[in-house]
Amino acid sequence: MRLLFSLILTWLGFSTLAKAQDDAQLQIGGATIDVSFDPAPPAALRRLALDWIATAARAVTVYYTRFPVPHVDLAVNFHEGEGVDSGRAFGWKRAHISIAVGQSTTAADFADDWTITHEMVHLAFPSVPESHHWIEEGLATYVEPVARARAGDLTPEKVWGDMFDAMSQGLPKAGDRGLDFTHTWGRTYWGGALFCLLADIEIRKRTGNRLGLEDATRGILKAGGSIEVEWPLERALRIADQTVGVRVLEELYDQMRAAPVSPDLHQLWEDLGVARQAGKVVFDDSAPLAPVRKAITAPAASGSAFRN
Ligand SMILES: [Zn+2]
């Protein structure tokens, strides 16, 4: 409806109205991405913004082997200033994302941005009841850098260094309960991300490093579990586990839903062979889980899973 309306406006030559908003369409990973810029940006900023959206969409496509939904409306709202501020993904009626961007945002700012990829990852999981919001944010927080590494947009050093620095924010604090019952920022975003990291590692351990969290989550999408539908969390986890043939997500959820589970992160980084020395990320490839760590962030083979 909106698109048709803007086409008619263009046809009638309403140049004043056309300047207020500017539309573009991208085809990536089997999806149509209808972008609307408000207000219409100068040509250089428009090109940078479209590249930024396309790069994120390709990363998400590499991770899921296709873009999560067949169609998404993406509203970019420009304001004064520099950098990408905030984004939100919605599933009501049909998938849409809105994101706020400063008009002085540079190519380097866009390349650094995680927000747009995070919002696109949200499209790849069903809407679940509010008490499980941690899984929605946890998946988006965990998958975003991993997908960008798969696409060759981030180095493994950057991904693991950031996780090494940030993951402890997801550990339960004194008085915290399980993930379904403590809804602080740290437990929601990083507690959820920690759940995803533990699940990814465990799936790989139990499948001889053949399958990972991406295979499990692709199964959810394949069963129709995108942001456009509302599911009980248990259904999503069951389908994910059935897809990889190991009951990892359901077991982890049983453990972490109500109890404040606090894994030994120091030991986990040591097992994965991730450390910081004088501020620099160093990998130990002789660590027991080094092959798992490498598999998680290895760039996808060229000629990879997606077209266009
Ligand atoms: Zn989010």
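Visitor: In this predicted model, with which residues is I53 in contact, once its neighbours within four places in sequence are left aside?
Guide: Contact here is judged by C-beta atoms within 7 Å, with those atoms placed from the backbone. With neighbours within four places in sequence left aside, the contacts of I53 are L26, I33, V35, L74 and I116.

Visitor: Which residues touch the most other members of the largest nonpolar core, and which helix gives the most to this core?
Guide: The largest nonpolar core holds 85 residues, and the members that touch the most others are I53, V60 and A147. The helix that gives the most to this core spans residues 43-64 and supplies 11 residues, and that helix is α3.

Visitor: Where does this core lie with respect to domain 1 and domain 2?
Guide: The domain assignment of the chain sets domain 1 at 2-122 and domain 2 at 130-297. Residues of the core come from both domain 1 and domain 2, so the core lies between them.

Visitor: How far apart are the C-alpha centres of the two domains, and which element gives the largest share of the side of domain 1 that touches domain 2?
Guide: Between the C-alpha centres of domain 1 and domain 2 there are 28 Å, and the contact takes 19 residues from domain 1 and 19 residues from domain 2. On the side of domain 1 that touches domain 2, the elements giving two or more residues are α3 and α5, the latter at 115-122. The largest share of that side amounts to 7 residues, and the element that gives it is α3.

Visitor: Are α6 and α7 roughly parallel or roughly antiparallel to each other?
Guide: The axes of α6 (residues 133-150) and α7 (residues 156-166) come within 9 Å and cross at roughly 165 degrees. Angles over 145 degrees count as roughly antiparallel, and the two helices are therefore roughly antiparallel.

Visitor: Which residues of α7 are met by residues of α6, and what is the handedness of the crossing?
Guide: From α6, the residues P145, V146 and A149 take part, and they meet P156, V159 and D162 in α7. As for the handedness, the crossing of α6 and α7 is left-handed.

Visitor: With which residues is W114 in contact, leaving aside its neighbours within four places in sequence?
Guide: W114 sits in the loop between α4 (107-112) and α5, and with 17 other C-beta atoms within 10 Å it is partly exposed. W114 and A56 are separated by 58 residues in sequence, yet their C-alpha atoms are 8.6 Å apart in space. Leaving aside neighbours within four places in sequence, the contacts of W114 are E144 and P145.

Visitor: Which two residues does a cis peptide bond join?
Guide: One partner of this bond, P39, has its place in the loop between β2 (31-38) and α3. The omega angle of the bond is about -5 degrees, and the residues joined are D38 and P39.

Visitor: Is K93 buried or exposed?
Guide: K93 is found in the loop between β4 (84-90) and β5 (96-102), and its phi is near 65 degrees, a positive value in a residue other than glycine. A residue counts as exposed if 12 or fewer other C-beta atoms lie within 10 Å of its own. K93 has 8 such neighbours inside 10 Å, and it is therefore exposed.

Visitor: What is the phi of N209 near?
Guide: N209 lies in the loop between α8 (185-206) and α9 (213-222), where 16 other C-beta atoms within 10 Å make N209 partly exposed. N209 is a residue other than glycine with a positive phi, and the value is near 65 degrees.

Note on methods: Residues numbered from 1 in each chain as written. Predicted model: local features only at pLDDT ≥ 70, side-chain atom pairs only at ≥ 80, totals over all residues. Core = buried A, V, L, I, M, F, W, Y, C linked by C-beta atoms within 7 Å. Buried ≥ 20, exposed ≤ 12 C-beta atoms within 10 Å, placed from the backbone. Helix = DSSP H or I, 4+ residues; strand = E, 2+ residues; numbered from the N terminus. Domains from an automatic or database assignment. Contact = placed C-beta atoms within 7 Å. Axes fitted to C-alpha atoms, helices over the stretch in contact; angles between N-to-C directions. Parallel < 35°, antiparallel > 145°, perpendicular 65-115°, else oblique. Left-handed = near helix turned anticlockwise from the far one by under 90°.
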